[in-house]
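Grab a pencil and work through a few exercises on the structure shown below. Each one has a task, then a solution taken in steps.

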Amino acid sequence: MGSTEEETNTSKPVSLYDAALPTTPLLSKPTTSSTYLSPPIEEPAQPDPSEPDPTQFLQISFNYGPRPFKDLPFLILFVLLVVCTFAFGIFSIFHRNTNYSNVSSFTYDSNSTSCVQDSSFLSNSDWVFEISLVSLSSSSLWTYLVWTLVITLILSVPIWFLLLFLLKHYTKQIVYALIPFFIIMPIFFDVYWFVACTLTSSCSDAFPLVYRILVLVFVLLVVGIIVWIIVSNWQRIELTVRIIAVASDALSRNLGLFLVIPLLTVGLVIYYAPIVVFLVFARFNGKIVAKESNGGYTCVWKQDSWVPAYYTLAILTMLWSLTAMVEAQVYVISGTIAQWYFSKDDSKPKRSIRSSLRNAFGPSSGTVCLSGLLICAVRLVRAAVDSAREEDVPGIVNLVLRCCVNALLSAIDFLNKFTINFAAITGEAYCTSARMTYELLKRNLLSAVFVETVSTRLLAGVIFVLSAVYAIVVCAILHGVSDLGVNAYIVAVLAWVLLIIVLGFFVHVLDNVIDTVYICYAIDRDRGEVYKQEVHEVYVHLPISRNSRSSFPTRTFGV
């Protein structure tokens with residue numbers, strides 16, 4: 001646009017692989033000296049097969065075409081576990097022993113040296129089930145509790161969309177207006193509880209003054225930590241606000257995710273239902289045997305030897321299914337947002353959610369299973385390490401092992417970061433996606449361990465304040481229209497917990513949108529293109545990876 005050819009060449013973005021190009025003209029003027037001996041022509045070095053081909057990284061883009069199946073062994077393993085769980089579960093139903101609940105009606109017969117049922121036993125034992133909830137025995141309380149939770153669940157849907165609208169258009173105003181309440185709310189509840197408990201005789205008797213003061217001081221210390229976090233990250237808040245606004249805009253253009261992601265969760269619950277039934281009926285597989293005790297024999301229940309193994313199989317299958325479903329949701333979110341990002345016009349791509357679902361549960365299902373397996377293994381090992389730490393086993397060997405395990409788990413978390421997002425965009429296998437993601441971010445001077453924790457903390461604070469305000473309103477309404485008394489606080493707390501869970505799901509979706517947009521921005525930088533100008537204007541201010549600053553030339557793109 002009005003510039004010379006020389007200026008165009010100098011403004012061209014520097015590529016990673018420009019250093020491999022010849023620096024002298026291909027045709028040079030021959031020398032007239034007869035004594036000049038030309039150096040021998042060196043053959044180009046053969047590329048190392050172990051090194052990644054640099055040309056593959058230049059073609060990173062969203063894969064709209066048919067995708068081949070990846071990581072099939074892990075999909076086959078997952079399907080095999082599910083089939084075994086259901087097969088043995090069905091077997092446990094038909095193989096159950098109906099005498100499980102009548103063990104007490106069997107007595108030892110010395111003639112047959114076995115347990116036989118006493119015919120005089122009344123099978124309809126007088127079982128008394130007392131449902132006693134502390135101060136929750138009135139039927140009116142259950143009525144108010146059920147209606148409050150149902151209304152909260154219904155109102156959570158418009159609260160979702162209202163929060164998304166406010167974060168899209170008024171992010172800065174909302175965040176800066178609610179930040180003071182991150183401090184005011186905990187202090188208010190802490191002081192209110194301290195005063196109310198002091199004035200109430202039952203509470204003051206249950207909690208002596210020393211305990212009340214300790215709780216008061218502990219909460220104030222937590223508030224002090226929150227203040228320190230806010231002050232130490234104050235310079236990043238402005239950038240975080242803009243990142244949240246960009247992510248909210250992307251999410252608002254794909255509102256179908258608010259229907260699909262909860263439906264996937266409902267599908268997981270439906271999938272869990274028969275497994276829970278199988279676990280219940282597995283307990284009924286066994287027989288009544290005679291056991292010697294104090295010189296006599298009693299009849300006891302003995303489970304079949306395969307029942308504990310089935311419990312282990314079913315529980316591991318449920319855990320793997322849970323983590324795989326979480327990764328499938330991340331895959332669907334990433335694929336949908338990436339299609340919106342790489343669309344040239346502002347219109348939403350057609351069938352973006354449908355294609356993401358088809359890829360997640362089709363060609364990339366093995367990748368999703370592998371990612372879920374790694375996360376499941378990390379969670380189990382980390383739980384075991386935490387349990388061992390609570391036991392406080394002495395010894396330097398135990399300390400070294402814990403450090404090594406924590407380092408390994410951190411490495412796996414590092415490997416898994418952004419991998420499923422990248423796989424949703426390109427359709428590559430898990431290991432390939434992990435390697436290419438790291439190389440992509442490293443080439444573009446972006447941190448491979450970038451986690452916008454400030455955005456998660458801010459969003460968590462926002463939903464905490466909104467839920468707390470909602471709980472206060474619920475408590476005030478219950479005090480005005482009912483005679484629940486102290487029980488109104490219990491109902492309000494349960495409504496607060498329910499709204500926290502629902503809005504926490506919203507934060508989970510928005511966090512994945514932020515990560516996906518980050519990867520799409522890195523691909524843009526790598527290709528020297530600008531698909532979404534508003535995204536580049538925000539993400540260009542992200543900190544540069546210090547480890548890569550000296551290894552790669554600076555690449556600048558017009559944003």
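The exercises below concern a predicted model, and they go from the whole chain down to single residues.

**Exercise 1. Getting your bearings**

Task: Find how many helices and strands the protein chain has, and what share of its residues count as buried.

Solution:
- Start with the secondary structure: the protein chain has 17 helices and four strands.
- Next, look at burial: 38% of the 559 residues count as buried.
- Finally, check how contacts span the sequence. Take the contacts between residues at least 6 apart in sequence; 80% of them join residues at least 24 apart.

**Exercise 2. Checking the record against the model**

Task: Take residues 72-94 and work out how much of the span is helix in the model.

Solution:
- Begin with the record: an unreviewed UniProt entry lists several stretches as "transmembrane region", including 72-94, 174-195 and 310-338.
- Now turn to the model: residues 72-94 are 100% helix and 0% strand, with 33 Å between the end C-alpha atoms.
- Try a second stretch: residues 174-195 are also 100% helix and 0% strand, and here the end C-alpha atoms lie 31 Å apart.

**Exercise 3. The surroundings of tyrosine 310**

Task: Decide whether tyrosine 310 is buried or exposed, and then find what it touches.

Solution:
- Locate the residue: tyrosine 310 sits in helix H9, which covers residues 306-341.
- Compare its accessibility with the cut-off. Buried means under 20% relative accessible area, and tyrosine 310 has 2%, so it counts as buried.
- List its partners, skipping neighbours within four places in sequence: Cys84, Thr85, Phe88, Gly89, Phe278, Leu279 and Ala282.
- Pick one of them, glycine 89. It is 221 residues away from tyrosine 310 along the chain, yet their C-alpha atoms are separated by 8.3 Å.
- Look at threonine 85 too: its backbone oxygen is 2.9 Å from a polar atom of the tyrosine 310 side chain.

**Exercise 4. Cysteines**

Task: Find how many disulfides the model has, and sort cysteine 84 and cysteine 475 by accessibility.

Solution:
- Recall what to look for: a disulfide is a covalent bond between the sulfur atoms of two cysteines.
- Apply the cut-off of 2.5 Å between cysteine sulfur atoms; the count comes to zero disulfides.
- Cysteine 84 has 26% relative accessibility, so it counts as partly exposed.
- Cysteine 475, with a relative accessible area of 11%, is buried.

**Exercise 5. Following the salt bridges**

Task: Find which residues pair up in salt bridges, and say which parts of the chain two of these pairs link.

Solution:
- Start from the total: the structure holds five salt bridges.
- One pair is lysine 172 with glutamate 238, whose closest N and O atoms are 3.8 Å apart. This pair links distant parts of the chain: lysine 172 is in helix H4, glutamate 238 is in helix H7, and 66 residues separate them.
- Check the accessibility of that pair. Lysine 172 is partly exposed at 43%, and glutamate 238 is partly exposed at 34%.
- Another pair is aspartate 526 with arginine 443, at 2.9 Å between the closest N and O atoms. The two are 83 residues apart, with aspartate 526 in helix H16 and arginine 443 in helix H14. Both aspartate 526 and arginine 443 are buried.
- Shared partners give a network: salt bridges join Lys168, Asp249 and Arg253.
- Within it, aspartate 249 and arginine 253 meet at 3.3 Å, N to O. Aspartate 249 is buried at 14%, while arginine 253 is partly exposed at 33%.

**Exercise 6. Cores and a covered helix**

Task: Find how many residues the largest nonpolar core has, and which helix gives the largest share of it.

Solution:
- The largest nonpolar core has 98 residues, and Leu251, Phe506, Val513 and Tyr539 have the most contacts inside it.
- H16 supplies the largest share of this core, 21 residues.
- Zoom in on tyrosine 539: its contacts beyond four places in sequence include Ile243, Val246 and Tyr521.
- Apart from the largest core lies another, of six residues, among them Phe78 and Trp320.
- Finish with helix H13, residues 419-426: eight of its eight residues are buried. Just after H13 comes glycine 427, with a positive phi near 80°.

Definitions and conventions:
Residues are numbered from 1 along each chain as its sequence is written. This is a predicted model: local features need pLDDT of at least 70, side-chain atom pairs count only at pLDDT 80 or more; totals for chains, interfaces and linings use all residues. Side-chain values use heavy atoms; hydrogens and water are left out. Buried means under 20% relative accessible area, exposed over 50%, partly exposed in between (1.4 Å probe, protein chains only). Contact means heavy atoms within 4.5 Å. A polar contact is a pair of N or O atoms within 3.5 Å; within protein, one must be able to donate a hydrogen and the other to accept it, and residues adjacent in sequence count only if both atoms are side-chain atoms. UniProt positions are given in the numbering used here, feature names are shortened, and annotations may be inferred rather than shown by experiment. A salt bridge is a side-chain nitrogen of Lys or Arg within 4 Å of a carboxyl oxygen of Asp or Glu. A nonpolar core is a set of buried Ala, Val, Leu, Ile, Met, Phe, Trp, Tyr and Cys residues joined through side-chain atoms within 4.5 Å.
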